[in-house]
Amino acid sequence: QTAKPKYVPPETRILFIFDASQSMAGKWDKESKISIAQKVLIHIIDSLESLDNIQMALRIYGHQSPVPPQDCNDTRLEVPFAKGNAPKIRQELRYITPRGTTPIAYSLEKGGADFPPECDNCRNIIILITDGIEACDGDACAVSYELQRQGITLKPFIIGIGIDEGF
C-alpha cells in the first residue's frame with residue numbers, strides 16, 4: 001500500500017496595489033478616503049501576518065508626482081515580497097500623501113512582474129484598492145485578462161463614491 005502524498009498548502013503571495021491618487025484625499029462620510037483605505041488594509045495585513053504560508057507586497061500609485069501635469073507612470077513597488085514584511089507595509093501605508101493621477105492598468109501590468117519567478121506551489125493574488133477609474137487611457141480589463149492567463153488572480157476592492165461602473 002502506497003502512502004498518500006501529504007497535502008502541502010500553497011504559498012499565497014498577495015500583492016496589494018494601493019491608490020494614493022489625488023482623489024483619495026476627498027472625504028467619505030467624515031474621514032478622508034485614504035484614511036479609511038489605510039485602516040482597512042492595515043487591518044487585513046494584521047490578520048494575515050501570522051499565517052505561515054503568506055507573503056505580501058505593496059505597490060502604490062499616484063503618490064510620487066502631483067497633478068498637473070499627469071504622470072501616467074506614477075507607480076512603484078514600495079515593499080517587495082518577503083516573509084515578515086508586514087511592519088514595513090504598515091509603515092509605508094501610514095505615510096502616504098495622495099497627490100497624483102490614477103494609472104490603474106499600468107500599475108496592474110507592472111504588478112504582474114512584482115511576483116518572484118516560478119514557484120511550484122504558489123497562488124498569486126493582486127488586491128487592488130482604489131476609489132477611482134482609470135485616468136490614463138489604460139484598459140484594466142485587458143490587463144486583468146492577461147494576468148489571469150499568467151495564473152494571477154485579481155480582486156478589485158473599489159471604494160465606490162461617485163462611480164457609475166467598475167471593472
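This passage describes salt bridges, a pocket, a helix and several loop residues in a predicted model. Residues are numbered from 1 along each chain as its sequence is written. In this predicted model, local features need pLDDT of at least 70 and side-chain atom pairs count only at pLDDT 80 or more, while totals for chains, interfaces and linings use all residues, and side-chain values use heavy atoms, with hydrogens and water left out.

The structure holds 8 salt bridges, a salt bridge being a side-chain nitrogen of Lys or Arg within 4 Å of a carboxyl oxygen of Asp or Glu. Side chains of opposite charge can pair when their charged atoms come close. One of the salt bridges is formed by Glu11 and Lys83, with the closest N and O atoms 3.1 Å apart. This pair links distant parts of the chain, since Glu11 is in strand β1 (residues 11-19) and Lys83 is in the loop between β5 (75-82) and α2 (86-94), 72 residues apart. Helices (H or I, at least four residues) and strands (E, at least two) are DSSP runs, numbered from the N terminus. Glu11 has a relative accessibility of 17% and counts as buried; buried means under 20% relative accessible area, exposed over 50%, and partly exposed in between (1.4 Å probe, protein chains only).

A salt bridge also joins Arg59 and Asp114, where the closest N and O atoms are 2.7 Å apart. Because Arg59 lies in strand β4 (residues 54-61) and Asp114 in the loop between α3 (104-112) and β6 (122-130), the pair ties together parts that are 55 residues apart in sequence. Arg59 is buried, at 6% relative accessible area, and Asp114 is buried as well, at 13%.

Glu78 pairs with Arg76 in a further salt bridge, with 2.8 Å between the closest N and O atoms. In this pair, Glu78 is buried at 19% relative accessibility, whereas Arg76 is partly exposed at 40%. Elsewhere, Asp46, Glu49 and Arg90 are joined into one network by salt bridges that share partners.

Arg90 is also one of the buried residues of α2, together with Ala86, Ile89 and Leu93. These residues cover an arc of only 100° around the axis, which puts them on the same side of α2; the arc is that of the directions from the helix axis to the C-beta atoms. An α-helix has 3.6 residues a turn, so residues three or four places apart point the same way. The elements against which the buried residues of α2 pack are β1, α1 (33-48), β4 and β5.

The loop between α2 and α3 contains Thr97 and Gly100. Thr97 touches Ala20 and His63 when residues up to four places away in sequence are not counted, contact meaning heavy atoms within 4.5 Å. The C-alpha atoms of Thr97 and Ala20 are separated by 6.8 Å, although the two residues are 77 residues apart along the chain. Gly100 is buried, with 5% relative accessible area. Its C-alpha atom is 4.6 Å from that of Ser21, a residue 79 residues apart along the chain. With neighbours within four places in sequence left aside, the contacts of Gly100 are Ala20, Ser21, Gln22, Gly62, Ser65, Pro66, Val67 and Asp74.

Val67 precedes a cis peptide bond to Pro68, with omega near -15°. Pro68 and Pro69 are likewise joined by a cis peptide bond, for which omega is about -5°. Pro68 is in the loop between β4 and β5, as is Pro69. In the loop between β6 and α4 (140-149) lies Asp137, a residue other than glycine with a positive phi, near 60°. Asp137 is exposed, at 81% relative accessible area.

The second largest pocket has a volume of about 180 Å³. On a 1 Å grid over the protein atoms alone, a pocket is an open set of points where a 1.4 Å probe fits, with protein on both sides within 12 Å along at least five of seven lines, and lining residues have an atom within 4 Å of a point. Grid points are joined across faces, edges and corners, and the volume is the space filled by probe spheres set on the points. The lining of this pocket consists of Arg13, Gly112, Phe115, Pro116, Pro117, Glu118, Cys119, Cys122, Asn124, Gln150, Gly151 and Ile152. By class, 6 of the lining residues are nonpolar, 4 polar and 2 charged, where Ala, Val, Leu, Ile, Met, Phe, Trp, Tyr, Cys and Pro count as nonpolar, Asp, Glu, Lys and Arg as charged, and the others, Gly among them, as polar.
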